[in-house]
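Below is a set of questions about how the terms used for this structure are earned. Each answer puts a value beside its definition.

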Amino acid sequence: MNVTNAKADAELHDRASGDAKSIPTADADGDEHVAARQGTWFGISNDDRTPGDGPFVGVVFNRPIDQVLTYRASNLVKRIIQPGQRVRVPLGRGDRLAVGYCVRVDALPPDDLERARIKDVVEVLDPLPLIDRKMLDLTRWMADYYACSWGQALDAVVPAGVKKHAGTRIGTFLILPESIRADLAAEMLKRRLPPKQTAVLEALFRSDEPLTVADVCRMVKCTAVPIQALRKLGLLHTVRRRLPVGLSSPARAHEERPALPVAETQVRDASAPEARPRPTLTAEQATTLERLTPALESGGFAPFLVHGVTGSGKTEVYLAAIEKVVARGREAIVLVPEISLTPQTIRRFRRRFAQVAVLHSHMSDAERHRHWQSIASGGVQVVVGARSAVFAPTRRLGLLVIDEEHESSFKQETTPRYHARDVAVKRAQMEGVPVLLGSATPSLESWHNAERGRYTRLAMPSRVGGRAMPTVEIIDLRDEKAALGGLSEPLRQAMASALDLGGQIILLLNRRGFHTFVICPRCGHVVKCHACDVAATYHKVRHILICHTCDAERACPSACPGCGAPALHYGGIGTERLEREIHTAFPNVVARRMDSDTMRSPGSHEQVLSAFKAGDVRILLGTQMIAKGLDFPNVTLVGVVNADTALHLPDFRAAERTFQLVAQVAGRTGRGDRPGRVIVQTYSPDHLAIRSAAKHGYEEFAQCELPEREKYGVPPYGRIVRLIGRGPDESAVFAYMKDLAAAFRAAALPSVRLLGPAPAPILKIRNLYRSHMQLRCPNSRPLQLLVNGVTGRHPAPHGIEVVIDVDPITML
Ligand code: ADP
Ligand code: ZN
């Protein structure tokens, strides 16, 4: 916009340009009406409110307030207010303005509410609802199930970029009221107006979308004077609305933006989706698809567990299933773990579908906003995303897919502590669509659901192309006394021969840093984080101690902080040290390390993986980041440097996690023409998790592990709610948790077992002391009622916070 036009804009608008939070009202009724109808309405103030009755608006907040508060919608508000929009309302004693979500609009307030005390909605923040009826219902369910407030659940649904309207700006647009439009059509006004004014009206009349003052001045080659004159005559109105950044006119937005402006910062696959040949499905894939087809074609809730070994071609089945629902004009949501959301994965979907939206946490707010809007406008066929994509605002959902459904990253570890897989199943049920859970190592919860007949199990026991599962050798580290580093002699030899034969190697070590602990040889003191009860990890590159729980750093002490002994012992092996060991052992081979230390900058993940794919990198070592989903045919050796890192944690899922990690990383080899080999180093070679992973024996593992779970009443045989009390004052936290436990005991039903309270395995995190307890019950409903009731009656005192974790997946 040039200066003159900017000035023209300003002349027409005495109001300062609004920011995202406070939006001036449209200046006439007609404008609101037009704009609202066009879906462009953006905000409204409430200057001309008239006292009167409702409608009444139910509002919830992103705070632990488990109530729907009632507000009155004044004249202006009531025309546009709908459930699913955000509103600004006074809250609490001081009437401070707060943003909340409108969840209902009723003609009458609740009976018990005194009308005089009902406050007004101050402002409506969104032109259209951000959340539809279905999502309101789903979040209501989440609030009940995960013991959070409805507002907290709603807030998780809408990405921050959408809330902030990121990537847009507000502009002022000229609108022709409908009546004038009709007159113009009849050419009645033409003769009575000066030519410039007529030209302005004509320009607006011809345009499908509202134009700014600057647009019109440019098109008609006039100043703002004729526009102002028309406005005084009431022949046109102005309205403020939002547009994507850098586009001054929505008309041009139409021309210049592709239907889906998503590819810009993502991988773009130039070839048309149809141009790509589809592989002929293997017999197993075809059978699986056949079993899915009735549900895909008729719709209706139908949960499936696709249990396919690594390399069995599950993704191909998802793609074919999605094609079927897309062919019916429906949309699919595919959830993958955050670390699997690589360009490689996204490309597989973009090749097959023209309109793919991606939602993940590394996107800018503006990008997320664009993708979200595209989905909401019905312009997307497939949404691929991490956890929160389960809330993608699809219009006509036809299928939900959760790949690697066993992954713990689907669980959110902040309020609302939902599990995306479980929310996906619930969403599928509420919307009446099929849902596919896929994994080579299903969670025991899903496995059990399949055994009970709740899910249909579809097995894909063989690899594509008749490839064999790799052979797995176990190296007992107790016999490898000579091995000072991370690589035992057999592993080193296997690496040498794999390299000699031109193969590539993946090495898993699920610990980053150089040394994993620093200990005093005299008094046994372990150097911990200042803020957490956690051993600090030594990072040699930066010569610093880092806490892997809170990321705090501390200098390496020169003497023992406990007894003052001058020399400390550094021990344990992390990925940094393994990398150095590999360089020493194979000086002429390019190795790259992939962990959260080396993968900080955007694109680094893709860069390493493409170098590995090209064969420039021969050895890829890293944490669990490299264990999952990678599909490189030339990998002939996988080494698990230490299979025991998670085996002895105080968590009933320790064995399951170990099994999954070893089985998944083993699955990264033997995916090409040459057979794969896996070497697993462990101090517990006889452990069930290790033994069965070595045999690719999921069923054996499940059969042995499930009775143990049943014995203790833990998932999948019982529900757990974990309560963690935390606060800076250790004794206050413990005292409160004792009281809370007593209250639970007093209220408990016979079917509910209480364990604890006890100090949490990690006693202190970020200077907050932690005490926890567990409630266990075969069913979830009694737990829900009990937890909501008891915690509601026993609010935590000042300085203590209680975290309620329903279906917890971490016990530390
Ligand atoms: P999974 O997800 O079960 O580990 P993928 O879907 O990644 O397996 O498939 C493994 C490999 O086999 C991929 O490289 C994929 O392109 C290939 N593949 C899958 N299905 C077929 C098929 N029907 N014909 C040929 N190749 C296939
Ligand atoms: Zn810490």
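**Terms and values**

Q: At what distance from a nitrogen atom of ligand 1 does a polar side-chain atom of Gln285 lie, and what makes such a pair a polar contact?
A: The distance is 2.8 Å. A polar contact is a pair of N or O atoms within 3.5 Å; within protein, one must be able to donate a hydrogen and the other to accept it, and residues adjacent in sequence count only if both atoms are side-chain atoms. The Gln285 pair at 2.8 Å falls within 3.5 Å and therefore counts. This is a predicted model, where local features need pLDDT of at least 70, side-chain atom pairs count only at pLDDT 80 or more, and totals for chains, interfaces and linings use all residues; side-chain values use heavy atoms, with hydrogens and water left out. Residues are numbered from 1 along each chain as its sequence is written, while chains are lettered from A and ligands numbered from 1 in the order in which they are written.

Q: Which atom of Thr280 is 2.7 Å from a nitrogen atom of ligand 1, and what lies 2.8 Å from an oxygen atom of ligand 1?
A: For Thr280, a polar backbone atom is the partner. For the oxygen atom of ligand 1, the partner at 2.8 Å is a polar side-chain atom of Lys314. The protein covers 75% of the 560 Å² of accessible area that ligand 1 has on its own. Such areas come from the Shrake-Rupley method with a 1.4 Å probe; for residues, only the protein chains shown count as cover.

Q: How many residues surround ligand 1, and what makes a residue near it?
A: There are 17, with Thr280, Gln285, Gly311, Lys314 and Asp631 the closest. A residue is near a molecule or strand if one of its heavy atoms lies within 4 Å of it. Helix H13 (residues 314–327) contributes the most to this shell, with three residues.

Q: What classes make up the shell around ligand 1?
A: Four residues are nonpolar, eight polar and five charged. Ala, Val, Leu, Ile, Met, Phe, Trp, Tyr, Cys and Pro count as nonpolar, Asp, Glu, Lys and Arg as charged, and the others, Gly among them, as polar.

Q: Why is Arg291 called partly exposed?
A: Buried means under 20% relative accessible area, exposed over 50%, and partly exposed in between (1.4 Å probe, protein chains only). Arg291 has 47% relative accessibility, so it counts as partly exposed.

Q: Where does Arg291 lie, and which residues is Arg291 in contact with, leaving aside neighbours within four places in sequence?
A: Arg291 lies in helix H12 (residues 283–298). Helices (H or I, at least four residues) and strands (E, at least two) are DSSP runs, numbered from the N terminus. Contact means heavy atoms within 4.5 Å, and by that test Arg291 touches Phe304, Thr456, Arg457 and Leu458. Arg291 and Thr456 are 165 residues apart along the chain, with 9.4 Å between their C-alpha atoms.

Q: Which residues of helix H19 (residues 575–585) are buried, and what do they pack against?
A: The buried residues are Thr575, Glu576, Leu578, Glu579, Glu581 and Ile582. Their packing partners include helix H18 (489–500), strand E18 (504–508) and strand E25 (619–622).

Q: What makes strand E28 (residues 719–727) mostly covered?
A: Seven of its nine residues are buried.

Q: How do you know that E28 pairs with strand E30 (residues 768–777)?
A: Two strands pair if DSSP finds at least two bridges between them. Nine antiparallel bridges join E28 to E30, so the condition is met. Val721 stands opposite Leu775 in E30. E28 also pairs with strand E31 (residues 801–806) over six bridges in the antiparallel sense, where Arg726 faces Glu801.

Q: What makes E5 (119–120) and E6 (123–124) edge strands?
A: The open sheet of six strands has mixed pairing and the order E5-E2-E1-E4-E3-E6. E5 and E6 each pair on one side only. Within that sheet, four bridges join antiparallel strands E1 (residues 56–61) and E2 (residues 69–72).

Q: Where does Pro416 lie, and what kind of peptide bond joins it to Thr415?
A: Pro416 lies in the loop between strand E14 (397–403) and helix H16 (420–431). The bond is cis, with omega about -5°.
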